[in-house]
Amino acid sequence: MYYLVNMIDGYYNNKEKIIAGIDPSLRSTGVVIINSTGGVVKEELIKTKKLLGTERLIFIRDQLSVILNRHN
């Protein structure tokens with residue numbers, strides 16, 4: 001699977017540096033988390049279903065927060 005990474009943000013969990021790649025889109029946002037050696041730790045697709053406007057953006061933000069906090 002190919003990921004177009006528009007934003008990369010590195011942070012550290014308890015063990016090692018983790019890098020999150022995010023492919024933002026309003027209908028489905030791709031997220032991949034890799035470790036410092038380039039191994040994929042998690043890949044996930046956030047689907048907003050039929051949400052619109054601010055409700056959609058809040059949903060994306062909240063889901064990204066959940067995914068990133070799982071690996072912190």
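Mentor: A salt bridge is a side-chain nitrogen of Lys or Arg within 4 Å of a carboxyl oxygen of Asp or Glu. Keep that in hand. The model is predicted.

Trainee: What makes Glu-44 and Lys-42 a salt bridge?

Mentor: Their closest N and O atoms are 3.6 Å apart. The cut-off is 4 Å. The pair therefore qualifies.

Trainee: Which salt bridge does Arg-70 form, and what is the distance?

Mentor: Arg-70 pairs with Glu-44, with the closest N and O atoms 3.4 Å apart. This pair links distant parts of the chain: Arg-70 sits in helix α1 and Glu-44 in strand β4, 26 residues apart. Lys-42, Glu-44 and Arg-70 are thus linked in a network of salt bridges.

Trainee: How many salt bridges does the structure hold?

Mentor: It holds 3. One of them joins Arg-61 to Asp-62, with the closest N and O atoms at 3.0 Å.

Trainee: Why is Arg-61 called exposed?

Mentor: Its relative accessibility is 53%. Exposed means over 50%, so Arg-61 counts as exposed.

Trainee: Why is Arg-70 called partly exposed?

Mentor: Arg-70 has 47% relative accessibility. Partly exposed lies between the 20% and 50% limits, so the label fits. Glu-44, at 22%, is partly exposed too.

Trainee: How do you know that Asn-35 counts as buried?

Mentor: Asn-35 has 17% relative accessibility. Buried means under 20%, so Asn-35 passes. The residue is found in strand β3.

Trainee: What makes the Asn-35 and Thr-37 side chains a polar contact?

Mentor: They come to 2.8 Å. The limit for such an N or O pair is 3.5 Å, so the distance fits. The Asn-35 side chain also reaches the backbone nitrogen of Gly-39 at 2.8 Å.

Trainee: Why are strands β3 and β4 called paired?

Mentor: 7 bridges join them. Pairing needs at least two, so the strands pair. They run antiparallel. Gly-30 has Leu-45 in β4 as its bridge partner. The hairpin has 4 residues between the strands, and Gly-38 there takes a positive phi near 95 degrees.

Trainee: Why is Val-32 called buried?

Mentor: Val-32 has a relative accessible area of 8%. That is under 20%, so Val-32 is buried. Val-32 lies in strand β3.

Trainee: Which residues make up the largest nonpolar core?

Mentor: The core has 9 residues, among them Ile-18, Val-31, Ile-46 and Leu-64. The elements giving two or more residues are β2, β3 and α1. In soluble globular proteins, nonpolar side chains tend to be buried together.

Conventions:
Residues numbered from 1 in each chain as written. Predicted model: local features only at pLDDT ≥ 70, side-chain atom pairs only at ≥ 80, totals over all residues. Heavy atoms only, no water. Core = buried A, V, L, I, M, F, W, Y, C linked by side-chain atoms within 4.5 Å. Buried < 20%, exposed > 50% of the residue type's maximum accessible area, 1.4 Å probe, protein only. Polar contact = N/O pair within 3.5 Å; in protein donor to acceptor, adjacent residues only side chain to side chain.
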